[in-house]
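Q: Please take a close look at the nonpolar core, and state the cut-offs behind each term. The surfaces near the DNA may follow for context.

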Number of protein chains: 2
Amino acid sequence: MSSSAGPGPSPRSRRADPLTREVIALIGDVVVRYHQEYEEAAARHSLTGAQARVLGLLALDPLPMRRLAGALRCEPSNVTGIVDRLEARGLVERRPDPGDRRVKLAAVTDEGRATAARLREALDFAREPLATLSDADRTTLRDLLRRMLGAEL
Amino acid sequence: MSSSAGPGPSPRSRRADPLTREVIALIGDVVVRYHQEYEEAAARHSLTGAQARVLGLLALDPLPMRRLAGALRCEPSNVTGIVDRLEARGLVERRPDPGDRRVKLAAVTDEGRATAARLREALDFAREPLATLSDADRTTLRDLLRRMLGAEL
DNA sequence: ACCCAGTTGCTTGACATCATGAAATATCCA
DNA sequence: TGGATATTTCATGATGTCAAGCAACTGGGT
């Protein structure tokens with residue numbers, strides 16, 4: 001993992017200062033809210049969070065099961081069940097990969113695409129809190145988040 | 001919510017501008033990374049994410065099961081199982097509430113407190129992509145997140 | 001005071017989903 | 001042919017919901 005964590009002299013004596021701790025706590029709050037609203041939005045469409053994530057990914061592009069597992073960061077055997085349930089509802093279908101008969105491509109159906117689109121609209125939540133920020137603020141926030149994430153990507 | 005799906009001019013007319021969409025996407029990335037690191041840090045202590053969250057809450061203060069469920073935003077019957085598993089490991093104990101014999105207070109044991117402390121250090125350390133931001137940047141980020149979250153709290 | 005009904009807090013049970021890991025199967029590739 | 005890869009199946013466990021149950025608190029009415 002990130003053993004590239006800088007020239008830190010002592011790995012754990014590194015107690016964060018109050019400001020950093022507050023930012024961490026705030027990010028934690030954001031994460032909690034995001035997850036909560038994501039699950040609720042999915043539930044409004046009778047989907048679980050995992051199913052909604054898969055549907056969202058497949059709406060962009062069909063994917064082999066293995067890649068789907070990679071995107072979700074879980075075992076391929078887990079994806080089998082999630083796609084099974086989406087397929088049982090007619091939102092997703094499995095298609096053969098013409099180039100490799102071992103591979104099955106998961107792809108959204110028309111109904112699945114429509115559901116994914118409605119779901120995305122429902123995810124307005126992230127937009128609302130942002131409404132209180134001016135354009136300049138949003139730009140600042142974007143740059144800070146970019147740098148934060150870019151540090152280890 | 002948006003049941004205003006009438007014969008609207010265009011269903012996606014309330015499409016957010018590109019800047020807002022990018023910020024939303026970045027927040028999504030932060031959420032994904034945060035969760036991943038949280039789960040990994042918990043796993044390093046042979047805990048699940050839910051168990052780690054409960055342990056972290058109880059390390060601050062003993063709580064009735066009901067309040068714990070409220071904090072986790074799940075059903076009380078679910079908390080029973082999570083606390084059961086923590087109790088089986090000696091990290092948490094159930095104590096009677098002197099004021100109301102129906103209530104059971106979940107409280108960390110000494111060992112639980114120690115585990116919670118180690119866990120928190122691991123999390124602080126893991127979330128240190130913030131280190132790439134200057135003090136001024138962090139202050140700015142803090143203020144932006146505060147305003148974003150404060151809007152609906 | 002008493003008792004009874006309703007409410008509240010927690011647990012239990014049945015069930016669905018998500019997640020892992022090991023083993024089986026089919027296919028690819030060197 | 002033999003080893004690697006993609007998917008599935010099975011067993012298992014954690015998390016989550018809901019309904020039902022028990023214990024304890026609370027508020028009337030007598």
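A: A nonpolar core is a set of buried Ala, Val, Leu, Ile, Met, Phe, Trp, Tyr and Cys residues joined through side-chain atoms within 4.5 Å. Buried stands for under 20% relative accessible area, exposed for over 50%, and partly exposed for the range in between (1.4 Å probe, protein chains only). The model is predicted: local features need pLDDT of at least 70 and side-chain atom pairs pLDDT 80 or more, whereas totals for chains, interfaces and linings use all residues. Residues are numbered from 1 along each chain as its sequence is written, chains are lettered from A and ligands numbered from 1 in the order in which they are written, and side-chain values use heavy atoms, without hydrogens and water.

The largest nonpolar core has 78 residues, among which A:Leu141 and B:Leu141 touch the most other members. The greatest contribution to this core, 11 residues, comes from helix α1 (residues 18-44) of chain A; helices here are DSSP runs (H or I, at least four residues), as are strands (E, at least two), numbered from the N terminus. With contact taken as heavy atoms within 4.5 Å, and neighbours within four places in sequence left aside, A:Leu141 meets A:Leu130 and A:Leu133 as well as B:Val23, B:Leu141, B:Leu144 and B:Met148.

B:Leu144 also takes part in a contact with A:Asp137, whose other partner beyond four places in sequence is B:Arg147. A:Asp137 belongs to helix α7 (residues 135-150) of chain A and counts as buried because its relative accessibility is 17%. In chain B, residues 135-150 form helix α6, whose 16 residues should span 22 Å at 1.5 Å a residue, and the end C-alpha atoms are indeed 22 Å apart; the expected span is 1.5 Å times one less than the number of residues. The buried residues of α6(B) are B:Asp137, B:Arg138, B:Leu141, B:Arg142, B:Leu144, B:Leu145, B:Met148 and B:Leu149. An α-helix has 3.6 residues a turn, so residues three or four places apart point the same way.

Another buried residue is B:Leu91, classed so because its relative accessibility is 5%. B:Leu91 sits in the loop between α4 and β2 (92-97) of chain B. Beyond four places in sequence, B:Leu91 touches B:Leu47, B:Leu55, B:Leu86, B:Val108, B:Thr109, B:Glu111, B:Gly112 and B:Thr115. The C-alpha atoms of B:Leu91 and B:Arg113 lie 7.5 Å apart, with their positions 22 residues apart in sequence.

The DNA surfaces come next. A residue is near a strand if one of its heavy atoms lies within 4 Å of it. DNA strand D is surrounded by 22 residues, the closest being A:Arg66, A:Arg94, B:Thr48, B:Glu75 and B:Arg85. Of the strand D atoms within 4 Å of the protein, 78% belong to sugar and phosphate. A side-chain N or O atom of B:Arg85 lies 2.4 Å from a phosphate oxygen of DNA strand D, while a side-chain N or O atom of B:Ser77 lies 2.8 Å from a base nitrogen of that strand. α4(B) gives the most to the surface near DNA strand D, namely four residues.

Around DNA strand C there are 23 residues, with A:Thr48, A:Glu75, A:Arg85, B:Arg66 and B:Arg94 nearest. A backbone N or O atom of B:Arg66 is 2.5 Å from a phosphate oxygen of DNA strand C, and a polar side-chain atom of A:Ser77 is 2.9 Å from a base oxygen of DNA strand C. Here α4(A) gives the most to the surface, with four residues.

Notes:
Polar contact = N/O pair within 3.5 Å; in protein donor to acceptor, adjacent residues only side chain to side chain.
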